[in-house]
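Colleague: I'm new to reading models like this one. Could you go through it with me, one question at a time?

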Amino acid sequence: MEASTDDEKRPMVDLVKDKNGTDQVLLQNPKGASVKISLHGGQVLSWKTERGDELLFTSAKANSKPPHPVRGGIPICFPQFGTRGSLEQHGFARNKMWLVENDPPALPSFDSTGKAYVDLVLKSSDEDTTRIWPHCFEFHLRVSLGLDGNLTLISRVRNINSKPFSFSIAYHTYFSISDISEVRVEGLETLDYLDNMLDKERFTEQGDALTFESEIDRVYLNSKDVVAVFDHERKRTFLIEKEGLPDVVVWNPWDKKAKALPDLGDEEYKHMLCVDGAAIEKPITLKPASDQRQRNISFVFCFLTTPMEEAWRVIFTLCLLIYVANADPIQDKRALLEFLTLMRPTRSLNWNETTSVCNTWTGVTCNKDGSRITAVRLPGVGLNGQIPPNTLSRLSSLTVLSLRSNRISGLFPGDFAELKDLAFLYLQDNDFSGQLPEDFSVWKNLTSVNLSNNDFNGTVPDSLASLKRVQSLNLANNSLSGDIPDLSGVSSLQHIDLSYNNLNGPIPSWLQRFPTSSYQGLGGFSLVQPPPDLAHQELKPRQKPKPHFLGLTKTVFLLIVIAVSVVLLAVLVFVLAVCYLRMKLSQGDGIVTDAKLQKKGGMSPEKFVSRMEDANNRLSFFEGCNYSFDLEDLLRASAEVLGKGTFGTTYKAVLEDATSVAVKRLKDVAAGKRDFEQQMEIIGGIKHENVVELKAYYYSKDEKLMVYDYFGNGSVASLLHGNRGENRVPLDWETRMSIAIGAAKGIARIHQENNGKLVHGNIKSSNIFLNSERNGCVSDLGLTAVMSALAPPISRQAGYRAPEVTDTRKSSQLSDVYSFGVVLLELLTGKSPIHTTAGDEIIHLVRWVHSVVREEWTAEVFDVELLRYTNIEEEMVEMLQIAMSCVVKAPDQRPKMSDLVRLIESVGNRQASLGPEPKPKSENEASETSTAGEI
Ligand SMILES: O=P(O)(O)OC[C@H]1O[C@H](O)[C@H](O)[C@@H](O)[C@@H]1O
């Protein structure tokens, strides 16, 4: 347990005794909110706001003498709820003495922002317990109080026996309320419940909120993860956020039952309401072996007060939205992300691994419960190339697919046959080619199909006739040949367009009901006489083909196109010849240089050189810069691509005098020349050992360049993730700390610039380098201000982006802190911010670390390379805490960069005082440590 402290700004944890001599733990957060937990039962007895208001009910008649459980607070019902089993009512955990964990977990807290917590444990060590429940278990309970006053209970039950066992659990929470008739519970509507008062019979909740007029004793099943209790009179709302606890118990004894309970006052039922997070209907089974433990049982209460009840509703709705967001259709989402990554649309979409596909992704619609994607509409977003197989076809609930007006090429995707529910298919205005699918009968629900303006060839499949629901079929402007299909069975058809294909007549009589424009521009066809019943319809004989363009016929139009193309080609050859001669004359050895650049895969030299020459501009160097090259020298230099980043491509350019510089060629700059120059002046004005210095820049209409010092040691990303093979040189702890301290100082310095308003905006490990002292040095700063938009989020960059940036598309100093936190996590875990597992699962580093820290409480997060060193566990844990404090969701709860410098330095200094460099351990030691985080 963490020691108490006199420092008011830190959370306090104290051990006290109650009047019976029972130990109690008192948690207090820096703002004065408090929680009291009794070791008897591991029961939370009190939860007070910073103003001292009690939020939990405890009966004035409660019997606090062990083994009797106190009536009130949060008794834990375990391993049985109620009388559903052979044990006493609610099991034995609430009657037992729990222990404060002697050997605290390896990771004392995942949030260093002022959380007070205590770890308790109940073990099946005494004979009494094993006699009534013959299973070896450990029940670890963490109770914590956040800086925001939120109370969290996290449980981990472990089976340490050789046989499996099952248990039920409920956090039997007595909320203190003004008056039971003034209270409402939301989040349980439409759920099934078991009524304990009617022999656990199953009913369905009909009301849209739960209000109280009489005794209630129910177990609601499979509830959402957020439930709210609204206390109108006190203007107070409790939000219960739970994980791994599908059921919710709602209990109030009302007057008669209250009178029968010896430890409850007759009138007290009015001021209490039990709403428990629980797992009751389906008990949890734990397999034997220590690693088969229960995970994810957590229970968070937050307490809110605002003067307007409407505000509660908004907040509650938001929480539900968060829940819905979490309930993303993961598999569908993954399929779409793969599709997007491979198709690379030219228009950026806001599709992001970390955001809710159903609520935020452009062009995507889900079904009602958010479990599947049902519509994808991406018209005109610049999709290029062929549709990758096994991507969209995995969206098996898709009913609408619109990819019209893109540049999609290739065959009609064969695997679309998997999209059995497809009703609306719009692929018009693309470059599809090849045959139409042979078997249309797989899409029984097809209602509207538009494949016009592509280059489909072959015949029109007969299987179209099997579609019973199709109302609209448009195959116009393709190269289809053969006969016009007989669609007489398709009685639903209301619109057809086969115009401008190479189809041959005759037009089947049934299709003659449609206007002749549907058959214009076909290779050759004739009308047969309409059947008598249709004879009254207006059917004109074959019309003149509709003029294509500017009133010209197809043939004339084609001739003109050919003639114009020949002229254009001649002009192009002439222009190229002139450019070639100009280059030769003006550059001397230029041709050799270009060959050199090209060989290295450099800057597309021809275009680049001519653009520069046209611009008639010069490089702008910053004061004090000792470089003496000019633009021509730079263009003549041999170039090598160092990396393609969010804002452009970076090259290493080696000048004729052997100087190496890094040149960043920016793409999508939105700022005009003046704004660009102003921003460059701000960036170039920063002279700091931990900030990569901008030496020069260049601005013309077509090219924007930035010239930096070149760092030969490579980026932190390459040192961490590059060459993980046999020859890898591990990045030692000392270097990682120097990187962290250096980068933190660099970013803190950047944040001071421009009256304390400058934002880096693109912090990631590939933008941090090792300077000559092997300290971190940050690059690529301040560019968000001049760029048109944030880059498409489907990239490694997405892993660094703070949640609020994904939503608002605006970075800030606090989002820099988040990104820096991700870099720290990379240094600690050795893992990339977004990576895939062997099973192709996409892992988001922040979430992964959160889950390991919260669920496992082990040292598994750390890079195995670090486990070789002795005496660094404590520093690693502290650094992890610092990193986790940076990546908290709420921006205003993140520390400032200047604080981080101090914090990281204090960890680093401690390490320095321990000795020169941590020593790698022997193999035995290393393997011990890798499991030492277990408690
Ligand atoms: O009196 P206790 O054993 O603490 O139980 C109090 C109540 O707990 C739960 O809500 C059960 O559903 C009730 O049936 C029970 O009366």
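Modeller: Sure, and let's start with a word we'll need: two residues are in contact if their C-beta atoms, placed from the backbone, lie within 7 Å. Keep in mind that this is a predicted model.

Colleague: Okay, so among contacts with a separation of 6 or more, what share comes from residues 24 or more positions apart?
Modeller: Take the contacts in the protein chain with a separation of 6 or more as the whole. Then pick out those between residues 24 or more positions apart, and their share is 60%.

Colleague: What percentage of the protein chain's residues count as buried?
Modeller: A residue is buried if 20 or more other C-beta atoms lie within 10 Å of its own. The chain has 935 residues, and the part that counts as buried is 41%.

Colleague: How many helices and how many strands does the chain have?
Modeller: You can check this against the picture above. The secondary structure comes to 18 helices and 43 strands.

Colleague: How far can I trust the model, and what is the average pLDDT of the chain?
Modeller: Let's begin with the spread: 77% of the residues score at least 70. The model's other scores are ipTM 0.98 and pTM 0.41. As for the chain's average pLDDT, it is 79.

Colleague: Which stretches have a pLDDT below 50?
Modeller: One such stretch has 21 contacts in the model beyond near neighbours in sequence, and another has 38. Where pLDDT is low, the predicted coordinates should not be read in detail. The stretch with 21 contacts is residues 106-111, and the one with 38 is residues 584-616.

Colleague: Now the sheets. Which are the edge strands of the four-stranded sheet β1-β2-β3-β4?
Modeller: This sheet is open, and its pairing is antiparallel. Neighbouring strands in it are turned by 20° against each other on average, direction ignored. An edge strand here pairs on one side only, and that describes β1 (12-17) and β4 (43-48).

Colleague: Zooming in on that sheet, what is the bridge partner of V35 in β4?
Modeller: Strand β3 covers residues 34-38 and pairs with β4 in the antiparallel sense over five bridges. In β4, the partner of V35 is W47.

Colleague: There's also an open sheet of seven strands, so what is its average twist from one strand to the next?
Modeller: Its order is β21-β22-β24-β26-β28-β30-β32, and the pairing is mixed. At the edges sit β21 (364-366) and β32 (495-497), each pairing on one side only. From one strand to the next, the twist averages 10°.

Colleague: Which residue in β32 is the bridge partner of L473?
Modeller: Here we look at strand β30 (residues 472-474), which pairs with β32 in the parallel sense over three bridges. The partner of L473 in β32 is I496.

Colleague: And β27, which residue in β29 is the bridge partner of its G434?
Modeller: Strand β27 (residues 431-435) pairs with β25 in the parallel sense over two bridges, and G410 has F432 in β27 as its bridge partner. β27 also pairs in the parallel sense with strand β29 (residues 455-459), over three bridges. There, the partner of G434 is F456.

Colleague: Where is the cis peptide bond with omega near 0°?
Modeller: One cis bond joins P66 and P67, with omega about 5°, and P67 lies in the loop between β4 and β5 (76-77). The bond you're asking about leads to P79, in the loop between β5 and β6 (99-100). That bond runs from F78 to P79.

Colleague: N755 has a positive phi, so is N755 buried or exposed?
Modeller: Phi of N755 is near 55°, though the residue is not a glycine. N755 lies in helix α12 (residues 733-756). A residue is exposed if 12 or fewer other C-beta atoms lie within 10 Å. N755 has 6 of them, so it counts as exposed.

Colleague: Last one: how does K673 count in terms of exposure?
Modeller: An unreviewed UniProt entry lists K673 under "binding site", and K673 is placed in helix α10 (residues 673-684). The in-between class lies above 12 neighbours and below 20. K673 has 13 C-beta neighbours inside 10 Å, so it counts as partly exposed.

Definitions and conventions. Residues are numbered from 1 along each chain as its sequence is written. This is a predicted model: local features need pLDDT of at least 70, side-chain atom pairs count only at pLDDT 80 or more; totals for chains, interfaces and linings use all residues. Two strands pair if DSSP finds at least two bridges between them. Axes are lines fitted to C-alpha atoms, for helices over the stretch in contact, and angles run from 0 to 180 degrees between N-to-C directions. UniProt positions are given in the numbering used here, feature names are shortened, and annotations may be inferred rather than shown by experiment. pLDDT is the predictor's confidence in each residue, from 0 to 100.
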